[in-house]
Amino acid sequence: MTPKLRSLRHLLIVIGLLVLAGALGVALDSATGYNRRLCLDIAFHASLALGLLLVLGLTGQFSLGHAGFLAIGAYTGAVVCGKAEFLAPQIAFWHQTCGLSLAVTGELVRAGGCVAGGFAAMLAAWLVGMPTLRLRGDYLAIATLGFGEILSVLITNSKYLGGNTGLSIPGMQREWIGQAGPNNPLAQNWSLWLQAQNIALPGAWVLILLVMSIIFVRNLKSSTTGRAMLAIREDWLAAETVGIPTTRYKVAAFVLGGALAGLAGGLYAHHQYLTPDSFRFMFSVELVTMVILGGQGSITGTVLAAAGLTLLPQILRTSSTLQHLAGTLGMETSAWNTFIDKWRIIIYAVLIIVLMIFRPQGLLGHHELNILWAKWRRRATQDTVRVGVSIPPVMPIAIPNPQPLLIVKGLVMEFGGLRAVDDFNLELEPSSLVGIIGPNGAGKTTVFNALSGIYPVTAGTIKLAGHALTGLQPHHISALGLARTFQNIRLFKNLSVLDQIQIAQHVHHQQGLPAALMRHPAFYREAEQVRTVALDLLAFFNLEAYADQMAGQLCYGDQRRLEIARALATRPKILLLDEPAAGLNPAETRDLMRLIERIQREFSVAILLIEHDMKLVMGICQQLVVLDYGRTIAAGPPASIRQDAKVIAAYLGAVGSSG
Amino acid sequence: MAYYLQQTINALTTGSLYALLALGYTMVFGVLRLINFAHGEVCMVGAFVAAFVARAWNQAAGLAPTAEQTWVQAICGFLVAALACGLLGFTIERMAYRPLRKASKLSALITAISISLILQNLAQIQWRINGIQLFGPNGLAFPRIIGTSTPIVWLRDTCGISVVPLELLILGLTAGTLLLLWYIVRYTHMGQAMRAVSISYDAAALMGIPINRTISSTFILGSILAALGGCLYGMNNTKVEPLMGLIPGLKAFVAAVLGGIGNIPGAALGGFMLGIIETAVAAQQIGDVSLSPYRDAVAFVLLIVVLLIRPEGIFGRALPEKV
């Protein structure tokens with residue numbers, strides 16, 4: 001199918017789903033009060049959980065204040081619809097001059113409230129997320145916990161927002177009538193305004209919101225942006241080093257999640273009487289439970305969990321089967337009802353614990369419940385199995401002047417009082433292969449961490465093709481053309497082998513979030529191209545057969561090669577390999593030697609290599625640098641290093657230096 | 001001067017509870033890297049059990065207790081509460097956290113929150129033992145120690161402040177407990193094992209430290225501190241309620257983060273600091289607006305400010321990520 005057709009198909013499916021949701025909503029409005037309310041509750045909870053899924057499931061950041069964004073949206077929506085006197089003349093204008101029906105006018109205002117709520121929540125999310133998401137660890141959890149509590153205290157103390165007694169839109173409108181006299185110039189518009197606003201919340205709005213949330217999160221998840229977010233969840237540091245600006249993506253996920261909650265809030269204000277207590281810690285926790293129970297990152301799982309967790313206490317209370325069962329055990333219906341009223345939250349919590357213990361990965365784990373999609377996927381995989389033709393997927397980078405590619409001068413790294421690297425100097429020519437050797441703790445990996453921007457350097461300069469690297473973030477350095485692997489493999493374990501390579505092409509993607517959400521033809525075109533490059537690269541490393549497997553399931557040697565493939569997918573000028581032969585047997589090491597030489601030749605990259613295996617280092621490196629206690633004790637071609645007295649002393653212990 | 005002295009004593013009394021609870025959070029985080037959200041509820045259970053013991057005693061005696069008897073009641077109440085909470089802490093860890101130790105931290109957090117829900121709701125069900133109420137939706141009056149609620153005369157005369165003996169008792173008990181805990185963690189065999197587990201789980205296991213037993217004893221120790229906190233809270237506020245653990249629990253967690261989570265002296269200091277700052281801010285006025293209703297927000301604002309300036313906590317140490 002061509003990209004244009006696929007884009008068209010996507011558009012038709014989206015329109016179809018929205019129409020379906022609208023129709024269901026209309027049908028729902030004819031249902032009785034209690035069941036309708038329950039359905040709307042489920043739809044609200046599912047939309048909220050989907051917003052949180054962006055933060056918790058995709059990006060792996062833990063937010064305990066998601067209900068706070070709902071509260072912001074809800075109160076904003078309520079103020080727009082219940083207190084915005086200035087809108088009354090507008091309504092009269094739309095209704096009388098433009099000829100819109102009152103119902104339509106009311107819905108327009110309602111939609112306005114929603115959008116305002118969305119923006120307000122977005123702003124709040126940005127303010128909370130910007131400072132805290134720079135930090136690693138669970139700080140977001142703690143900060144959002146604080147945010148929710150502060151918000152609740154602020155609302156409780158605000159007379160305008162109804163304080164502790166809360167507010168509802170009809171109540172606010174009644175108050176409005178009470179306050180203004182009949183001589184108020186707005187008076188003539190009030191009745192219209194009230195008629196427009198007092199129409200009950202149509203179920204269609206809520207279901208359309210749910211479908212939009214599902215499509216939004218689903219399109220995001222299977223796009224460059226979504227994969228970058230998943231990569232952050234799996235390993236933020238590895239994500240940085242393949243060129244993903246992790247802070248920006250974490251903030252983006254948080255702000256988008258907040259926006260979804262705010263939008264939902266604009267509708268929630270019409271659904272529920274608002275009190276500050278209804279948006280507190282426990283509500284946020286229920287949402288977190290839905291996402292985790294659904295499987296972290298699974299959209300279908302989250303929706304299922306939201307429905308299940310909303311229904312469960314209700315089922316316990318109203319199920320006639322359970323009542324009957326209690327009856328056979330000799331329990332009166334009334335006794336059963338009082339029992340269940342007291343115990344249902346406890347039963348609910350116990351069930352959650354049992355579920356967590358037996359399925360800690362959630363209901364669906366990382367999978368989606370989608371039979372058709374799974375079938376299509378299996379077919380697509382069969383198509384991709386091809387005979388390994390190794391085409392170098394990356395064009396050689398032309399270096400205009402023959403200056404050294406990388407120049408390191410006087411590099412110093414200190415941790416507390418410890419000088420791990422002292423006055424390190426290096427010049428790396430294009431397409432050269434240089435090894436760094438030295439005993440354990442000599443500072444080799446620290447040099448790599450300094451070059452790739454993981455640790456800030458204490459002193460010294462690093463220049464890559466004329467750009468100073470000192471002080472830059474790892475993703476920036478990756479974009480400038482420096483890629484690395486890690487001593488203790490850091491793959492995105494729960495993502496597919498293919499995804500690793502697709503994610504690593506991040507810097508070279510042109511299509512951003514809007515294309516991913518709207519699914520332009522350009523989005524499909526780029527997706528196909530990224531996939532082809534990835535498959536070619538996997539073929540080069542003989543890994544194409546595992547393209548759809550989880551990276552964590554590969555055997556050790558394959559994982560090592562996959563990590564090198566991932567680094568190459570960033571199309572680097574320089575590749576840093578940190579002990580690529582660690583844990584390999586002699587035969588595998590020989591293969592690796594040949595592979596490294598082939599990479600250097602066919603991708604025309606300069607390679608800097610840390611290795612303990614002397615045979616490998618001496619065999620392929622043109623130059624060697626020897627470190628000991630952070631100092632460079634020798635540098636030169638392998639032959640001269642082999643003879644160097646200081647190197648021999650460092651490795652074997654100096655003759656006569658100590659007892 | 002007298003005003004500030006008065007406020008300081010009030011603040012330290014509030015801070016005591018935060019400090020006692022914060023220690024539980026920080027110790028559990030130290031060994032398990034888990035935020036034990038049920039900790040505030042353990043404190044609540046402790047308060048209810050202690051109240052129950054005093055009531056059962058009074059009913060059995062049939063007479064109003066004398067001052068000496070209320071002292072004995074308080075001590076017995078605390079001992080039974082400590083036993084009950086220790087057992088509760090042990091059970092919670094065994095049933096809800098241990099099966100998930102290898103799973104993601106998030107799963108364990110969900111079970112922690114579920115446990116907290118269970119305890120809150122269990123305590124809202126009328127429970128009677130021999131007709132004496134143990135738990136209930138409306139809470140219970142906490143029995144007082146007779147003679148501890150009248151202000152000390154000479155302090156009023158000399159410094160002009162109103163301090164009841166109960167406040168001094170709370171401060172003294174908290175300080176004593178902190179010293180005892182510091183001794184246990186620093187100088188006993190068990191404390192050494194706890195410190196080893198908190199640094200490296202695997203290395204400690206390889207050195208022959210019984211991981212499960214160490215973690216269990218950490219939970220028991222933390223829960224006993226929570227029981228003490230609950231008893232002191234009950235005495236100070238004269239009433240215990242099923243939801244009383246929630247907000248102090250969250251604030252104590254904030255205190256633990258302020259002090260640098262995992263850091264034991266830091267948690268105690270963080271608790272007292274939180275008490276002082278909260279009291280100080282609540283006493284302020286901006287124009288006509290008293291800040292007192294915003295009291296509960298202070299802890300969280302402070303938390304966010306500290307996280308921005310020193311994410312590792314005031315007394316914590318930042319460790320570079322090992323690559």
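Visitor: What makes β7 (574–578) and β8 of chain A a pair, and in which sense do they run, parallel or antiparallel?

Guide: This is a predicted model. In it, strand β7 and strand β8 of chain A are joined over 5 bridges, in the parallel sense. Two strands count as paired from at least two bridges, and the 5 bridges here satisfy that. One of the matched positions is Leu576(A), whose bridge partner in β8(A) is Leu608(A).

Visitor: Which bridges link β3(A) to β8(A), and how many are there?

Guide: There are 4 bridges between β3(A) and β8(A), again parallel. Leu609(A) of β8(A) stands opposite Gly435(A).

Visitor: Why is β8(A) called largely enclosed?

Guide: Burial requires 20 or more other C-beta atoms within 10 Å of a residue's own. In β8(A), residues 606–610, 5 of the 5 residues are buried, so the strand is largely enclosed by the rest of the structure. Ala606(A), Leu608(A) and Ile610(A) point one way, while Ile607(A) and Leu609(A) point the other way, and all are buried. In a regular strand, side chains alternate between the two faces of the sheet.

Visitor: What makes β2 and β5 of chain A edge strands?

Guide: Each of them pairs on one side only. They belong to an open antiparallel sheet of 4 strands in chain A, ordered β2-β1-β4-β5. Within that sheet, β1 (406–415) and β4 (459–464) of chain A pair over 5 bridges, and Leu406(A) has Leu464(A) as its bridge partner in β4(A).

Visitor: Which helix lies across β1, β2 and β4 of chain A, and at what angle to β2(A)?

Guide: That is α18 of chain A, residues 444–451, which runs at about 65° to β2(A).

Visitor: Why is Ser431(A) called partly exposed?

Guide: A residue is buried from 20 C-beta neighbours within 10 Å and exposed at 12 or fewer. Ser431(A) has 18 other C-beta atoms within 10 Å, so it is partly exposed. Ser431(A) sits in the loop between β2 (418–428) and β3 (433–437) of chain A, and its phi is near 60°, a positive value in a residue other than glycine.

Visitor: What about Arg33(B): why is that residue called partly exposed?

Guide: With 14 other C-beta atoms within 10 Å, Arg33(B) is partly exposed. Its phi is positive too, about 55°, although Arg33(B) is not a glycine. The residue is in the loop between α1 (2–32) and α2 (39–61) of chain B.

Visitor: How do you know that the span of α1(A) agrees with its number of residues?

Guide: Helix α1(A) covers residues 3–29, 27 residues in all, and should span 39 Å at 1.5 Å a residue; its end C-alpha atoms are 39 Å apart, which agrees. Ser7(A), Ala21(A) and Gly25(A) are buried in this helix. The buried residues of α1(A) pack against α9 (203–221) and α22 (521–540) of chain A.

Visitor: How many residues does each chain give to the contact?

Guide: Chain B gives 32 residues and chain A gives 35. On the side of chain B, the elements giving two or more residues are α4 (105–122), α10 (246–258) and α12 (295–309). The largest share, 10 residues, comes from α4(B). By class, that side has 25 nonpolar, 5 polar and 2 charged residues.

Visitor: Which domains does chain A have?

Guide: The domain assignment gives domain 1 (43–279), domain 2 (282–369) and domain 3 (406–652). The centres of domain 2 and domain 3 of chain A, taken over C-alpha atoms, are separated by 48 Å.

Terms used. Residues numbered from 1 in each chain as written. Chains lettered and ligands numbered in written order. Predicted model: local features only at pLDDT ≥ 70, side-chain atom pairs only at ≥ 80, totals over all residues. Expected span 1.5 Å × (residues − 1). Contact = placed C-beta atoms within 7 Å. Nonpolar A, V, L, I, M, F, W, Y, C, P; charged D, E, K, R; others polar. Domains from an automatic or database assignment. Axes fitted to C-alpha atoms, helices over the stretch in contact; angles between N-to-C directions.
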